Every structure is written in C-alpha cells, then in structure tokens.
Amino acid sequence: MIFCRFKKSNRVSYGIVENDAVRAVDGDPFNGYKLAAERFPLREVELLVPVIPGTFYAIGSNYHNHVVGRAKVKGRDPIFYKTPRVGYRANSALAAHEADIVKPADAGPRFEYEAELVAVVGKSACKVSPSEAAECIFGWTIGNDLTERDWQAKDPTNLRGKNADTFKPMGPWIVTGIDIRDMTTNVRINGRLAHSFPTANMLFSPGEVISDVSRYNTLSPGDVVWLGTDEVPEAVKPGDLIEIEITGIGTLRNRVVAEAA
C-alpha cells in the first residue's frame, strides 16, 4: 500500500495512492484511519513530506564503498564501526518531493547529496532485538541527506552542515509490504545516472539499527530512521536536478536553487 500526505484546497490530509489518483483518509496510518469520500487526480494535489516525525534518526557510515570512498577523499584509512553511529536531524530541515533545495549564499562548493532509504516506524520499540525491531517498521520512503562538507568538518553537531532549512528532502510517499532485498538505489543528476547500488547492501540492517537505538531511546510510531548512503556523492550547484529512485518505492525529485539575495 502507498500512503501519502497531501494538500488540496488548503486542506492537509493523509491519503492512499491508487494508480494516478489519491484517496483521502480521515485519520492517519499510525493511529487508525477511515477512507473518506474524496478522490483526486494525483497531478492536482501537492505532495507534502509523508510524515512529520516525532524523532528523526539518521545513521552514518553504513555502506562499505561509501566508508572507503569518503576515507580516500579525507586522505586516511577507512574506519568501520562495530556498532551503528546514529544521530539526530532537525524536522525544520525537511522538504517535500518537488520542493526546492536552497543552497545558502555562504555555503561552499562541496554541497553534496546522499541518497538514503528511510524506515518509517509503525510500532513503539523499546529494548527490542533486531528481528523484533524489523517488525516495528511500518514502511519505507526516500531521503536526500544534503550536506555542506566544509561546514560539517567544522561543526560537530551538524547544526548547519546537515540541518539547515531544506537540507532534508523526504518522500514522495510511504510504501508498505515490500522487501528491501529487492531494491536498487539509482541517483540521477540532470538526467545522468551518477550512482546505482543495491539498497540493502548495508553494514547494519534496518533491524540492527533500530534495535541498537532502542536500547536507550524508545522509538514511536511516525519516527523515521535514515539508513545511510553508498558510493561517494558528487557536488551539486544551483540549477541541478537531483532524482533519487529506489525501486519499489518511487522517485524523490528536487532542484537546487540559490538563496535569494
């Protein structure tokens, strides 16, 4: 099933995507819903961020080639961590499918995307095993973890480097009932295929990540866990179109624009 959040005539609602249409629902997929009467062509609604998470988790260094490639860029040996390195991101950084990514005027040239699978939590998870954690996942969406690398190097909290406004596009919707082992992540820049990698080829599985977090932090329905990227991202600039396709989910599409003077 495909769930979305959308806006139509100033009304915000969850909905179920059916082919080229969206059926509105009363309620939400986490606390219960009923089908509403309204049904709209998908092209006539504005897709919003598919969930506003209570807590926004993100793991780094979760794909082998990314760890090796980033270490090479930094001129050091790769570091493979024994446990997931999970941090937080800011909801204020979220941006919807087709929304602009605003590159700040004082951002440097190393402005890079990161194509990520996102697990959307559907059940409370506290001190769960990896297999139990996997059962707490409601569905999947796509994230683009924009990073200003020079800011990141100088800011241990990632306040600017990863959490500036519009740096976290997520969408276009949440898909349930799919197997990540069947997925491929494709990244296109201005229509050119820049990267293609098996989505599930992670160092720590989604269940392992959620289990580790749940040792000390209770995850709640609607929380999201971004699961890292593979390969070495390229720098992007205003005017560039970034498309992240994860097969079985869809495509998250955003254009980079310059901050208004």
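How many bridges pair strand β12 with β14, and in which sense do the two strands run? The close-ups below start with the whole chain and then get to that pairing. Keep in mind that this is a predicted model.

**Figure 1. The whole chain, with its four helices and 19 strands.** The radius of gyration is 18 Å, close to the 18 Å that the globule rule gives for 261 residues, so the chain is as compact as a globular protein of that length. Along the principal axes, the C-alpha atoms take up a box of roughly 60 × 50 × 30 Å. Of the 261 residues, 52% count as buried. Looking at contacts between residues at least 6 apart in sequence, 71% link residues at least 24 apart.

**Figure 2. The surface of the chain and its charges.** About 12000 Å² of the protein chain is exposed, and carbon and sulfur atoms supply 49% of that area. As for charge, there are 31 positive and 33 negative side chains. The centres of these two sets sit 2 Å apart.

**Figure 3. Strand β14, a mostly covered strand.** This strand spans residues 168–175, and eight of its eight residues are buried. Here is the reply to the opening question: β12 (residues 137–144) pairs with β14 over three bridges, in the antiparallel sense. To find your way around this pairing, look for Ile142, which stands opposite Gly171 in β14.

**Figure 4. Strands β1 and β8 beside β14.** Strand β1, covering residues 2–8, is joined to β14 by two bridges, and the pair runs antiparallel. Phe3 is a handy landmark, standing opposite Ile174 in β14. Strand β8 is made up of residues 94–95 and also has two bridges to β14, but this pair runs parallel. Here Leu94 has Lys168 of β14 as its bridge partner.

**Figure 5. Helix α4 and what packs around it.** Why call this helix largely enclosed by the rest of the structure? Helix α4 runs over residues 206–214, and seven of its nine residues are buried, so the rest of the structure largely encloses it. Those buried residues are Pro206, Gly207, Val209, Ile210, Ser211, Val213 and Ser214. They pack against several elements, among them β12, which you've already met as a partner of β14. Also packed against the buried residues of α4 are strands β6 (56–60), β7 (85–88) and β17 (224–226), along with helix α2 (130–135).

How values were computed: Residues are numbered from 1 along each chain as its sequence is written. This is a predicted model: local features need pLDDT of at least 70, side-chain atom pairs count only at pLDDT 80 or more; totals for chains, interfaces and linings use all residues. Side-chain values use heavy atoms; hydrogens and water are left out. Buried means under 20% relative accessible area, exposed over 50%, partly exposed in between (1.4 Å probe, protein chains only). Two strands pair if DSSP finds at least two bridges between them. Contact means heavy atoms within 4.5 Å. The radius of gyration is taken over C-alpha atoms; the globule rule is 2.2 Å times the number of residues to the power 0.38. Accessible areas come from the Shrake-Rupley method with a 1.4 Å probe; for residues, only the protein chains shown count as cover. Lys and Arg count as positive and Asp and Glu as negative; His and the chain ends are not counted. The place of a charge is taken as NZ of Lys, CZ of Arg, CG of Asp or CD of Glu.
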